[in-house]
Amino acid sequence: MIQSWTWLWLALAAVPLSVISAAAQDIGLPESLPQEIGKKLSDHVPEKPTLPPAFSIPVRPLGYSAPGLFYLGRHNRLASLDFIDENRLLFTFQVPGLMQREGEGSLGNDERQVRAVVVTLPDGKVEAETSWTLHDRARYLWMLKDGHFLLRDGNGIQEGDASLQMKPSLHFPGRLLWLELTPAQQFMSINFLAPPAKPKDAQPGDPAAAKTSMPASGQKPDLKPDPPELKPDLVVRTLNRDTGEVVTESKMGLAVPQSSSSDGYQEVEAGMFSGLLQRAQMSINAEGFIEAPGEDTNQWVLNLKSFDGKVRFLDRVNSACRPTSEFVSEQEFLMTACDVFAGWDVVAISTTGNRMWGIQLTKHEIWPQLVNSPDGSRIARETVVVEHPVTDGRPHTIDPKNFNGQIVRVFNAANGKIALETTASPIFDGGGNVALAPSGRRVAVLNNGEIQVFELPPAPPAPHSRK
């Protein structure tokens, strides 16, 4: 039996509790979505893909072996599958073996070995290979549009190229937790743990120092309560990648019931796996970010707030939890909201506030992962299908036998039409097993001991979206 890490203790001061409930699952908007753009999808796991793969590359010769069931429900990032260009793949994965837990007084990190290989398509020839030592279990790699990639570890980011040569890129004063790139990759949103400010030592003659001195014989000591334990701050920062300029920055105090790591990382890690940290920092594009203030219990407003503070109204939605969003291009984002009775929906909305298309999903699909093609033409979305519905916001003990499989659907970003539906096996609830080529014409899926590559027709151009 596996208890989902979604329910581990974590609280962020100034982050509404509704964010936490939204982070655990995919969510939807049935009431305010017009019938013609709210197609309901089946949660049946397909026996075969809707298109046959154009070719497949066996992964065992690359050194990969499938992980056991231990990881299910923990949302670890066990692999990363990415297109360098149309004809090369970067496949990185955790190699077999136990992760090493560092000793007491360390940062509370898990050390693991990750193997990286660059393979050419369609022959699967290894063009470059290396290995990295990483120190946590969350997402570690983000592909850039020029064939380079960003590798996150500790308190820094390195930049690598197709030959797997690495160089330092950015350094931060504390543990780097997550980063997100805008669709055009001009801006980067990151969050890290800033060490707490230590109080200044009391100087001789200071009244505070006098109070701590030993009392004279026969006198009662001046008892003072122990100072509160210092907690690190979670810093959310938006950077201009070209100039390094800090565009926005905010801090959130950590409020954890009991610290189990010196820098608070283990407490935050649980929320990172569940998606809490991604939801805490709103989705951004080159103009600004999406915010969703609540009007009442089930009504929310979607605004696009620019970096200079201007606010533009986009939409008003009904949802039993805080709606969330993610940009798939500079002009389009996917909004999700929830209804505990009907299941989940996903709605594509333009930055002018026009609803373009939407889908409805059942209560049996959880833990969504989203991958966008660099040109914004296609969206790959994968979910884990479970036997029992998960919608009530309560902890659920999950047994591996309750998983029916993992569905991968590739949508046209312009109209929501499904270009491909297939499965991914083994189940990677932390993602990393699906990739889209820069053109959106190729899809790679890690499935049954192979990287299956599918060829798709050209995606339709984005039409004028509808209100």
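This is a working chat about one predicted model and some of its strands, contacts and aromatic rings.

User: What should I keep in mind about numbering and cut-offs here?
Analyst: Residues are numbered from 1 along each chain as its sequence is written, and side-chain values use heavy atoms, with hydrogens and water left out. The model is predicted, and local features need pLDDT of at least 70, while side-chain atom pairs count only at pLDDT 80 or more and totals for chains, interfaces and linings use all residues.

User: How many helices and strands are in the chain?
Analyst: The chain has four helices and 31 strands, where helices (H or I, at least four residues) and strands (E, at least two) are DSSP runs numbered from the N terminus.

User: And how much of it is buried?
Analyst: Of the 467 residues in the chain, 53% are buried, a word that stands for under 20% relative accessible area, with exposed meaning over 50% and partly exposed in between (1.4 Å probe, protein chains only).

User: Switching to sheets, what is the strand order in the open sheet of three strands?
Analyst: The order is β17-β18-β19, with antiparallel pairing, and two strands pair if DSSP finds at least two bridges between them. The edge strands, each pairing on one side only, are β17 (288-291) and β19 (311-318).

User: How many bridges join β17 and β18?
Analyst: Strand β18 (residues 299-306) and β17 pair in the antiparallel sense over four bridges, and Lys305 in β18 is the bridge partner of Phe289.

User: Is Ser306 buried or exposed?
Analyst: Ser306, which is in strand β18, is buried, with a relative accessible area of 11%.

User: What does Ser306 touch, leaving out residues up to four places away in sequence?
Analyst: Ser306 touches Glu287 and Gly288 under that restriction, contact meaning heavy atoms within 4.5 Å. A polar contact of 2.3 Å also joins the side chains of Ser306 and Asp308; such a contact is a pair of N or O atoms within 3.5 Å, and within protein one must be able to donate a hydrogen and the other to accept it, while residues adjacent in sequence count only if both atoms are side-chain atoms.

User: Now the rings: how many aromatic pairs are there?
Analyst: The count is eleven aromatic pairs, with rings of Phe, Tyr and Trp (its six-membered ring) pairing if their centres lie within 6.5 Å, and planes under 30 degrees apart counted as stacked, over 60 as edge-to-face and the rest as tilted.

User: Why is the pair of Trp132 and Phe149 tilted?
Analyst: The pair is tilted because the planes are at 45°, with the ring centres 5.9 Å apart. Trp132 and Phe149 are both buried.
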